[in-house]
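Reader: Could you take me through one part of this model up close? I'd like to follow a single spot and then see what surrounds it.

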Amino acid sequence: MIIGEQKSLSEIAAMLEGQRKILIAGCRSCVAICLVGGEKEVAVLAESLRLLSSLKGKGWEVEEVTVERQCEKEWATELGARVQGKDAVLSLACGVGAQTIQSMYPAVRVLPGLNTSNMGAPEEAGVFLERCGGCGDCVLHLTGGICPIARCAKSLLNGPCGGSQGGRCEISPETPCAWEEIHRSLERLGRLDLLEEPIPPKNWLPARDGGPRRIVRKEAVLTDEQKRAKGGRA
Amino acid sequence: MSPRSDLERTLLERRFAVTAEIGPPKSASAESVRRHAREMKGCADAFNLTDNQTAMSRMSSIACAAVLIQEGLEPVVQMTCRDRNRIAMQSDILGASALGVRNVLCISGDHQSFGNMKESKNVYDVDSVQELMILRRMRDEGKLWSGDELEVAPELFLGAAANPFADPFEYRVTRLAKKVKAGADFVQTQSIYDMERFERWMALVRARGLHKRVHILAGVMPLKSHKVALFMKNKVAGMIVPDAVIDRMKNSQDPKEEGVRLCVEQIEHLRDIEGVQGVHIMAMAWEEKVPEIVKRAGLRP
């Protein structure tokens with residue numbers, strides 16, 4: 001899932017300066033699970049902004065809406081009527097969701113209420129950890145099911161650097177050394193042999209370095225005729 | 001095979017090698033490098049130039065190496081994976097070779113969060129093992145990693161770092177073996193204060209026969225004070241400084257002399273360990289002490 005963090009109230013207030021009719025748009029998917037952009041968080045932020053507006057005379061009229069998934073056009077169309085006449089939409093979805101609604105409603109300003117952080121997972125209540133680097137060429141089969149791209153501060157592919165000590169990464173005591181974990185996992189799996197052979201330089205072309213990625217599932221692509229039959233939406 | 005550098009010659013002839021570190025300045029003038037060069041000339045086979053150590057911008061290691069060559073000293077250029085991708089890395093190696101650099105130390109590099117520009121982006125297109133693979137191909141096959149032929153291949157003596165004090169301990173020898181497989185001709189270790197752990201590591205190195213496949217230079221760093229020792233212990237990732245060392249420094253009337261004496265004792269001890277073929281002296285911001293240490297350890301006249 002996508003992990004995000006809400007921007008500070010002062011940062012959000014600064015973005016909304018000069019706007020009047022504002023729609024806060026939440027998303028029930030990832031950002032609801034990581035407690036930053038679901039219905040509840042939308043309500044809390046809306047109240048905070050209303051309070052701030054009345055205290056500081058900002059003149060904001062704040063409305064709330066939350067959709068199932070802001071990143072999918074099928075769900076984001078639900079916003080249509082609510083977006084009408086607004087000066088700004090403050091999106092509490094991830095950057096993907098915010099961009100989807102901006103592309104669907106190009107006449108209104110879409111502002112990001114969140115900082116989208118990473119692809120991760122809830123570790124325990126209230127703790128979310130980055131897990132995948134989205135490099136486009138998965139190596140988990142070589143690394144005991146632990147991603148060195150996302151979880152090693154240097155994305156090393158050939159074992160821990162000289163800064164790994166006591167299972168901790170050199171960048172901070174709160175950060176586990178991914179390679180210590182990989183070593184332990186491969187030891188448990190009886191596959192320490194995988195650490196013996198040098199892994200050559202990685203092909204970063206399928207990663208972000210190769211430019212924005214476009215993935216096409218040919219069997220799912222609609223023909224022009226099918227698109228027309230669906231009413232022009234694809 | 002004829003040696004590509006004086007350092008390689010010393011090691012091939014089985015003479016005990018000495019390398020020493022010179023820290024590039026935060027300056028557009030190489031005057032301090034020239035000063036160190038004049039002070040240190042003749043006390044070591046080759047001199048490491050660190051590459052933006054602790055992730056702070058300093059004069060480039062290759063530029064400093066060129067200055068050392070002008071002064072008649074042999075450089076070891078350190079090249080981290082933090083600041084350059086494979087394109088820049090190979091380009092820098094061609095340039096360094098043209099300037100006369102032969103010894104290159106391939107390292108991951110300290111994470112930029114250690115430095116004074118923590119907000120910068122790191123590269124890590126390749127890691128230190130992959131850096132060795134790339135440089136070896138340039139040397140042995142006369143090709144860039146892409147496969148493109150080089151008109152003239154670089155003559156390189158390839159180095160790697162080894163840290164017996166980092167974890168997981170059992171993996172540290174595997175990692176050395178991997179670096180040897182990838183192309184390391186020599187290794188320089190992290191500073192040794194925990195001699196017992198270093199000897200355990202060396203025993204594992206010998207058990208795998210690695211000491212016969214790679215030249216091992218044991219790292220030492222003279223301490224100026226017990227505060228420096230405490231800093232190493234608590235703040236430097238991948239270092240072990242036993243309390244006995246800290247106490248010895250603390251209880252000394254003349255800590256600087258004690259630091260030098262301890263370093264000399266360590267060198268004398270390291271010389272007798274089977275498989276150790278030299279020492280690498282890292283006298284950070286204390287370069288002028290290296291000739292004295294080398295002399296007192298009986299390594300050079």
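Author: Start with B:Thr19, whose bridge partner in β2(B) is B:Ala46. Keep in mind that you're looking at a predicted model. That pair belongs to the match between strand β1 (residues 17–22) and strand β2 (residues 46–49) of chain B, which run parallel and share four bridges.

Now zoom out a little. In chain B, eight strands close into a barrel, and going round it you pass β1-β2-β3-β4-β5-β6-β7-β8, with parallel pairing. From one strand to the next, the twist averages 30°.

Back to the β2(B) strand, residues 46–49, and to B:Phe47. Not counting neighbours within four places in sequence, B:Phe47 is in contact with B:Thr19, B:Ala20 and B:Ile22, and also with B:Met40, B:Leu68, B:Leu73, B:Glu74, B:Pro75 and B:Val76. So what is this residue part of? In soluble globular proteins, nonpolar side chains tend to be buried together. Here the largest nonpolar core has 93 residues, and B:Phe47 is listed with B:Val77, B:Val104 and B:Val187 as having the most contacts inside it. There's also a second core, separate from that one, with 36 residues, including A:Val31, A:Cys34, A:Ala46 and A:Val67.

For a contrast within chain B, look at B:Met1, which sits in the segment before α1 (6–12). B:Met1 has just 5 other C-beta atoms within 10 Å, and 12 or fewer counts as exposed, which is why it gets that label. Its C-alpha atom is 24 Å from that of B:Gly72, a residue 71 places away along the chain.

Over in chain A, the strands are arranged as an open sheet: four of them, in the order β3-β2-β4-β5, with parallel pairing. At the edges are β3 (61–67) and β5 (109–112) of chain A, each pairing on one side only. Ignoring direction, neighbouring strands of this sheet are turned by 25° against each other on average.

Within that sheet, strand β2 (residues 21–27) of chain A runs parallel to β3(A) and is joined to it by seven bridges. If you want a pair to click on there, take A:Ile22, whose bridge partner in β3(A) is A:Val62. Helix α3 (residues 39–56) of chain A lies across β2 and β3 of that chain, and it runs at about 175° to β3(A).

Terms used:
Residues are numbered from 1 along each chain as its sequence is written. Chains are lettered from A and ligands numbered from 1 in the order in which they are written. This is a predicted model: local features need pLDDT of at least 70, side-chain atom pairs count only at pLDDT 80 or more; totals for chains, interfaces and linings use all residues. Two strands pair if DSSP finds at least two bridges between them. Helices (H or I, at least four residues) and strands (E, at least two) are DSSP runs, numbered from the N terminus. Axes are lines fitted to C-alpha atoms, for helices over the stretch in contact, and angles run from 0 to 180 degrees between N-to-C directions. A residue is buried if 20 or more other C-beta atoms lie within 10 Å of its own, exposed if 12 or fewer, and partly exposed in between; C-beta atoms are placed from the backbone. Two residues are in contact if their C-beta atoms, placed from the backbone, lie within 7 Å. A nonpolar core is a set of buried Ala, Val, Leu, Ile, Met, Phe, Trp, Tyr and Cys residues joined through C-beta atoms within 7 Å.
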